[in-house]
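Biologist: I'm new to reading structures, and I keep tripping over the vocabulary. Could you put one up so I can ask how each label is earned?

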Amino acid sequence: MKEKKYADVIIDISHEKVDRTFQYKIPEALRETVLVGTSVMVPFGRGNRLSAGYVVEITDQAEFDEEKMKEIYSLSKQKVSPSEDALKLAVFLKETYGSTMIAALKTVLPVKREVKAKEKKTIVRQMTGEEIRSLLAESIRKHQTGKTRFLAALTEEKKLPYELVTGKLHIAPSTIKSLISQQVITVETESYYRNPVRLEAGRREEKKLSNEQQAIVDTVIADRDAEICKTYLIHGITGSGKTEVYLSLIEETVKRGRQCIMLIPEIALTYQTLLRFYKRFGDRVSVLNSSLSEGERYDQCERARKGEIDVIIGPRSALFVPFEKLGMIVIDEEHEPSYKSETMPRYHARETAEYLASLKGASLVLGSATPSLEAYSRAKKGEYELFTLTRRLTGGRLADVSVVDLRKELKEGNRSIFSRKLQELIEDRLSRKEQIMLFLNRRGYAGFVSCRSCGLVMKCPHCDVSLSQHRGGKLVCHYCGYEMQEPKKCPSCGSPYILGFKAGTQQIEDQIRKRFPGAGVLRMDADTTRRKGSYEEILSSFAGEEADILLGTQMIVKGHDFPKVTLMGVLAADLSLNDSDYHCGERTFQLLTQAAGRAGRGVRKGEVVIQTYQPDHYSITLAANQDYEAFYEEEMGYRELMGYPPAEHLLAILFTSKEEGQALSAAEETGRILRNYQEESGRSDGSVIGPSKAAVSKINDIYRFVIYCKEKDYQKLLIYKELTENYRKNLPGNSAFVQFDFDPVNIY
Ligand code: ADP
Ligand code: ZN
Ligand code: ZN
């Protein structure tokens, strides 16, 4: 056997300059306990300050002079150690997404610190009833009121919850102490897990699956039994029974002694959804989301590790719950941008789940009403197995969708934000006491500029995305940095109505109140949902019909069922259509499809009105027809033409520094290195764009520059990453910090 003499340790400092391992001697006394993954305390740096770190490798080979090598000081008591699987995941994240090892390790540890177990204390009587009664008589005689109350309670119950005694009975701790020392009572302590969900699950519910649904379950489970681990994509409109399929798949997997992870975007993790899982799996399911306390998170992971639960539900971070025998990962609403992390490592849950599934021999099931282009193109290539659910099982017919041309409204003298058609329908619904949802699909970036007369949108001539309005009357492209002066007249039709689009939900609420004075209006946006619980409050008050109109941003179109809603108005589809980022056509199609699914969930047929300046744009016309297939073809054509993902891969390299000059020079030099590499390797199918100022060019006095690289082959992007990293390591005087984002979902 090899001797475990040395440990390679990653230091817990998030800086790329210490992003490597340091070798330490393992002291004799720790040889048994220090393992790969163990978190340790080590002396670090010139001052030998004690720092925390993780052991990532153990060897019997000294990498340098043993005399100079420092020793591990101790195990770290506070920190949780990553398992071997977690370490592999961390390496995957580091290499695939270009982050530091320590940031990757922190990501795969769902809890960073051990949290003390919660305890329940019970007071137990240690004397007979008779003895207690005589003590009680004595205490009454002595007018000891507290003690009297306590003893009286003990004559009736042998055991009392500690909290009841100190709380409701109001007994002082000193009284309890003295009774313990007189051996009248004892206190028993029992530790238990914090349970984040208190649901009365009630009766188990199971539907007989339709043939379409059953066929999916049969195929996937047959593969499971044959130990074929694949990725499946279920394409089915809202209400077509996807969740019911997930429930059956998970149940079958659990029956086979395996565990499951169910990912749901946080915003769609509603009470109703959770309840369906609890009805099926009872105590064997738990949830992990951002509202949990650290203790609650820790306990859920402990329960998972010990095999006390079979299913965990949560957003992307739930991927890292340590299940020993993981058998299946389900990702619902697979297309949601929230599956991509916006902090380092910028991992995508779908790709990470694929890696995890292959590591653990698990199946991966993706589902969506509007699959991402990434997932659908892979299904088309046969890399994923595709299933389609075609029928809506809820009853309720698909809504009628109409598209209203706002250019025409203007031409015919209507300058209000409501088209005449939408106004008429709102009045009609108000008079019939039915409910209305009004949707403002804005994502909160700097605005675009468009012509109200002809619909022209100012775009970058090189990147075919909208230019963003910046201070000083400039229009800027967020990919390549192209700039132009904001025009005073429309370059196409000469109209003076060329403007930035700025209306916010607050102004629209005012206009609704003015135009429809009798109507009850609720508004849901980032402002009105800041307080904890306010999101649910607004939804439940609308569900309780306390208002006629619900106005809101994307939050209102995610999977809530309001049977009384028979009208959905999309106020300006252009708001998401003209984001300065290449995903905007796809996002708009997804949002409009979702919005159309909101109206007419009850018995009455619903209507949807989409207002826009670009009524002929395929994202709008095809969403109105609910034609995903045709949309996919159109959008894929655009991505191929422009070389955007998934046709090609994109890497954003972000340079940040307090010194503007240093960030810029590091970015420029990197750009030169990457272009040189491209030329020397004689390749012309990729491109390096920039550097340019980031869309948000300064945050907290930190300057930001960005380079974009496009390549057909992901591996080539990894070479760019390495070249950049090597350059950075050999540049001691420069303070710039470098971050990578592969196939970014947001612009920089
Ligand atoms: P999705 O996840 O695709 O939106 P769900 O699984 O939530 O679809 O199903 C939509 C509705 O149809 C739910 O109310 C569900 O209870 C019901 N449902 C699903 N499958 C069946 C079935 N096989 N028989 C009857 N009702 C079903
Ligand atoms: Zn015009
Ligand atoms: Zn551009």
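Modeller: Sure, and keep in mind that this is a predicted model. Let's start with the zinc ion (ligand 3), whose protein donors are C460 (SG), C463 (SG), C477 (SG) and C480 (SG).

Biologist: What makes those four atoms donors of the zinc ion (ligand 3)?

Modeller: They lie 2.3 to 2.4 Å from the ion. A sulfur atom within 2.8 Å of the metal counts as a donor, so these SG atoms make the cut.

Biologist: And why is the site of the zinc ion (ligand 3) called tetrahedral?

Modeller: Look at the angles among its four donor atoms: they run from 108 to 115°. Four donors count as tetrahedral if all angles lie between 85 and 135 degrees, so the label fits this site.

Biologist: What spacing do the donors of the zinc ion (ligand 3) follow along the chain?

Modeller: The pattern is C-x2-C-x13-C-x2-C. C463 sits in the loop between β18 and β19, while C480 is in the loop between β20 (474–476) and β21, so this pair ties together parts 17 residues apart in sequence.

Biologist: How do you know whether C463 is buried or exposed?

Modeller: Its relative accessibility is 6%. Buried means under 20%, so C463 counts as buried.

Biologist: What about D464, which lies in that loop between β18 and β19 too?

Modeller: D464 has 30% relative accessibility. Partly exposed covers the range between the 20% and 50% cut-offs, so that is the label for D464. D464 also has a positive phi of about 55°, although it is not a glycine.

Biologist: Okay, on to the zinc ion (ligand 2): which residues are its protein donors, and how do you know?

Modeller: They are C451 (SG), C454 (SG), C490 (SG) and C493 (SG), at 2.2 to 2.4 Å. With the 2.8 Å limit, these SG atoms therefore qualify. Along the chain they follow C-x2-C-x35-C-x2-C. One pair links distant parts: C451 in strand β18 (residues 449–451) and C493 in the loop between β21 (483–485) and β22 (498–500), 42 residues apart.

Biologist: What makes the site of the zinc ion (ligand 2) tetrahedral?

Modeller: Its angles are 107 to 113°. They fall between 85 and 135 degrees, so this site is tetrahedral.

Biologist: Which labels do C451 and C493 get for burial?

Modeller: C451 has a relative accessible area of 0% and is buried, whereas C493, at 40%, counts as partly exposed.

Biologist: V457 is in the loop between β18 and β19. Why is V457 said to touch N578?

Modeller: Contact means heavy atoms within 4.5 Å, and N578 is among the residues that V457 touches, along with F448, V449, S450, S466 and Q614. The C-alpha atoms of V457 and N578 are 7.7 Å apart, with their places 121 residues apart in sequence. V457 has a relative accessible area of 11%, which is under 20%, so V457 is buried.

Biologist: Last one: how much of the whole protein counts as buried?

Modeller: That would be 55% of its 748 residues. The protein has 22 helices and 30 strands, and its C-alpha atoms fill a box of roughly 100 × 80 × 55 Å along the principal axes.

Note on methods
Residues numbered from 1 in each chain as written. Chains lettered and ligands numbered in written order. Predicted model: local features only at pLDDT ≥ 70, side-chain atom pairs only at ≥ 80, totals over all residues. Heavy atoms only, no water. Donors = N, O, S within 2.8 Å, 3.2 Å for Na, K, Ca; no water. Tetrahedral: all angles 85-135°; square planar, octahedral: opposite > 155°, others 65-115°. Helix = DSSP H or I, 4+ residues; strand = E, 2+ residues; numbered from the N terminus. Buried < 20%, exposed > 50% of the residue type's maximum accessible area, 1.4 Å probe, protein only. Lists of a residue's contacts leave out its neighbours within four places in sequence.
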